[in-house]
Amino acid sequence: MTIDAATDTAAEEPMLTIDELAARAGTTVRTVRFYSTKGLLPAPVIGARRVGHYGQEHLSRLALIEELQHQGMTLAAIERYLGQLPPDLSAHDLAIHRAVVASWAPDAVETLDRAELERRAGRALDEEDVERLVAMDVIALDEGTFRVDSGLLRLGVRLLDVPVSQEAILASRNILIEHSRAAAHELSQVFRGEVSQRAAQDVRSLSAHMQPLVVQALLTTFQRSLREELREWLKESPEDRDS
C-alpha cells in the first residue's frame, strides 16, 4: 500500500444527486442551480441517463459560500473571493478556507427547534445522533429546543459518519482544546508586549487582523504535521510492509 493509494482510498466519497447535495448542504436545489449558473460551483460529473453527480468538493464549496454569507459578504463579493482561489482546490483545502473565514466571526450560538436543526444539519437526526452532538458540545438541550454552535454544526454532523467511537472523538476534542488553549496563551504573551502601550481600539484592530492569519498558520502546521504522522504510520503498518 502506497501513501497515495491510501490517501485516494480515504478520500473516496459517494457521489450525490443535486437533491442529495442540497439536502446535505441544508439549502435548496434552486439555490444550487443558481450558484452553478453564477460559476460559484464547478459543473457536476454527468453520469448515466444524463444525471449530474456532485462530490465532496461541491459540498465544501457550498459550506464556504454559506460562511461568507454569514460574514455579510454580498454575492458579488463572494464571486470575487472564490474567483481568487485556485480552481483545483480539494474539499479538504476548501474546508480550511472555511475554517479561516469562520475565525473572523464571534461565537454564534442560536436556539433552534428540531425541524430547523435538521434543516441546518442537512439530514434527519435520530436520538443517537443528537446524543453524540451533545457529547461533542455542538448542541445543548434547552427545554425542548436546541442551543446550537453554528460554527461547529456542520463539522459535528460530518463526524457522525466517521467510523470511530464516540470516546475517540471526545478524546481527540480534549487534546485539541488543551493544546489550542496552550498555543493561544503563549501567542498572547508574545503579542502582549507589542500592544501594551497602544490604545484599546488599536489592540482590537490588531487582534482582528491577526486572528485569521494565526488560524491559517495553525491549520497549515497541523495539516502538515498530521500528514507526516500518517506517512510514519503507514511505514509501520503490517499491510504496508507486506505490499
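Colleague: I've just opened this structure and I'd like to learn how to read it. Which residues line the largest cavity?

Modeller: Arg 24, Leu 59, Arg 120, Ala 121, Arg 123, Arg 154, Val 157, Arg 158 and Asp 161 do. Keep in mind that this is a predicted model. As for the general idea, rolling a probe the size of a water molecule over the atoms shows where empty space is left. Here the largest cavity holds about 80 Å³ of space, and the count is two cavities of 30 Å³ or more.

Colleague: Which helix supplies the largest share of that lining?

Modeller: Helix 9, with three residues. Helix 7 and helix 9 (150-159) each give at least two residues to the lining.

Colleague: Now a single residue. Is Ala 25 buried or exposed?

Modeller: Ala 25 counts as buried because its relative accessibility is 7%, and the cut-off for buried is under 20%. You'll find Ala 25 in helix 2.

Colleague: What does Ala 25 touch, leaving out residues up to four places away in sequence?

Modeller: Leu 59, Leu 62 and Arg 154. You can also look at backbone spacing: the C-alpha atoms of Ala 25 and His 58 are 9.3 Å apart, although 33 residues separate the two along the chain.

Colleague: What share of the contacts across the whole protein joins residues at least 24 apart?

Modeller: Taking contacts between residues at least 6 apart in sequence, 62% join residues at least 24 apart. While we're on the whole protein, 27% of its 243 residues count as buried, and it has 12 helices and five strands.

Colleague: Let's take one helix, then. Which residues of helix 3 are buried?

Modeller: Val 29, Val 32 and Tyr 35, in a helix that spans residues 29-37. They sit on the same side of helix 3, because they cover an arc of only 125° around the axis. Here's the general idea: an α-helix has 3.6 residues a turn, so residues three or four places apart point the same way.

Colleague: What does the face turned away from the buried side carry?

Modeller: On helix 3, that face has the exposed residues Arg 30, Arg 33 and Thr 37. The buried residues, for their part, pack against helix 2 (18-25), helix 4 (56-70) and helix 5 (75-83). Look just past the end of helix 3 too: Gly 39 has a positive phi of about 80° there.

Colleague: On to the strands. In what order do the three strands of the open sheet come?

Modeller: The order is 3-5-4, with antiparallel pairing. Strand 3 (109-112) and strand 4 (139-142) are the edge strands, each pairing on one side only. From one strand to the next, the twist averages 25°.

Colleague: How many bridges join strand 4 to strand 5?

Modeller: Four, and strand 5 covers residues 145-149. To follow the pairing, match partners across the two strands: Ala 140 stands opposite Arg 147, and Asp 142 has Thr 145 as its bridge partner. The two strands form a hairpin with two residues between them, and Glu 143 in the turn has a positive phi of about 55°.

Colleague: Which helices lie across strand 4 and strand 5?

Modeller: One is helix 7 (residues 114-121), which also lies across strand 3 and runs at about 125° to strand 3. Helix 8 (residues 127-135) is another, running at about 110° to strand 4. Try tracing helix 7 from the sheet back to the cavity where we began, since helix 7 supplies at least two residues of that lining.

Definitions and conventions. Residues numbered from 1 in each chain as written. Predicted model: local features only at pLDDT ≥ 70, side-chain atom pairs only at ≥ 80, totals over all residues. Heavy atoms only, no water. Buried < 20%, exposed > 50% of the residue type's maximum accessible area, 1.4 Å probe, protein only. Arc of directions from axis to C-beta. Contact = heavy atoms within 4.5 Å. Pairing = 2+ DSSP bridges. Axes fitted to C-alpha atoms, helices over the stretch in contact; angles between N-to-C directions. 1 Å grid on protein atoms, 1.4 Å probe; cavity = no way out; pocket = protein on both sides within 12 Å on 5 of 7 lines; lining within 4 Å. Points joined across faces, edges and corners; volume = space filled by probe spheres on them.
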